[in-house]
Amino acid sequence: MHSLRYASSFTSALRVQRAIRPIPISLPLRRTIVTKRYTSDHELIKFDDETGIGTVSITDYAQKSLGDVVFVELPEAGATIKQGEPVGAVESVKAASDIFAPVSGEVLAINEGLGDQPSLLNKSPEDQGWLFQLKLAESKELEGLLSEDDYKTHCES
């Protein structure tokens, strides 16, 4: 009887041990690099190298220069845009300014929230106030844009 109890508790312990043992899962490790580049006209693009998608916004420097933003005109989703061409506009109580395409590509999405709340450009120009996302036609165009340090130097001159 004692050996039967011992075998039963050994089997139970073995089941518990198997239940606790972690199951090895092999997940592919991915490293996504997000690159920030700037234009001399104060546009910013955050490029995700894994997806090939860039998110365009104006810089904090630009929103401070404009003052309170009251209207934002954006390109249409699906539009093909060319680097350096005007693709929209920002109007503030002080002035109006064109938005220029930092790179060429196809517009995938626009920030619909800016229609109702253009002030998002003042509150959070690089995050909640993003303008549009695009699929880059040529990622090499990023190389011709300014790095963060170069952009700061540009703004100080």
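The following paragraphs describe the fold of a predicted model, its open sheet and the surroundings of one buried serine.

The chain has 157 residues, of which 34% count as buried. Its accessible surface amounts to about 10200 Å², and carbon and sulfur atoms contribute 52% of this area. Five helices and nine strands make up the secondary structure. Read from the N terminus, the elements follow the order α-β-β-β-α-β-β-β-β-β-α-α-β-α. When contacts between residues at least 6 apart in sequence are considered, 59% of them join residues at least 24 apart.

Six strands form an open sheet in the order E1-E2-E3-E9-E8-E5, and the pairing is antiparallel. The edges are occupied by strand E1 (34–38) and strand E5 (80–81); each has a single partner strand, so one side of each lacks a neighbour in the sheet. In general, the strands of a sheet are paired through backbone hydrogen bonds, in either a parallel or an antiparallel manner.

At the E1 edge, E1 pairs with strand E2 (residues 43–48) in the antiparallel sense, over five bridges. Valine 34 has aspartate 48 of E2 as its bridge partner, and arginine 37 is bridged to isoleucine 45 of E2. The two strands form a hairpin with four residues between them. In this turn, histidine 42 has a positive phi of about 75 degrees.

E2 is in turn paired with E3, again in the antiparallel sense, here over six bridges. One of the residues involved is glutamate 43, whose bridge partner in E3 is isoleucine 58. The hairpin of E2 and E3 likewise has four residues between the strands, and glycine 52 takes a positive phi near 75 degrees there. E2 is mostly covered, with five of its six residues buried.

Strand E3 spans residues 53–58 and includes serine 57. This serine has a relative accessibility of 2% and therefore counts as buried, the cut-off being under 20%. Leaving aside residues up to four places away in sequence, serine 57 touches His42, Glu43, Leu44, Pro125, Glu126, Trp130 and Leu131. Among these contacts, His42 is the turn residue with the positive phi in the hairpin of E1 and E2, while Glu43 is the bridge partner of isoleucine 58. Glu43 and Leu44 belong to E2, the strand in which five of six residues are buried.

Methods
Residues numbered from 1 in each chain as written. Predicted model: local features only at pLDDT ≥ 70, side-chain atom pairs only at ≥ 80, totals over all residues. Heavy atoms only, no water. Pairing = 2+ DSSP bridges. Buried < 20%, exposed > 50% of the residue type's maximum accessible area, 1.4 Å probe, protein only. Contact = heavy atoms within 4.5 Å. Areas by Shrake-Rupley, 256 points an atom, 1.4 Å probe, with all protein chains shown as cover.
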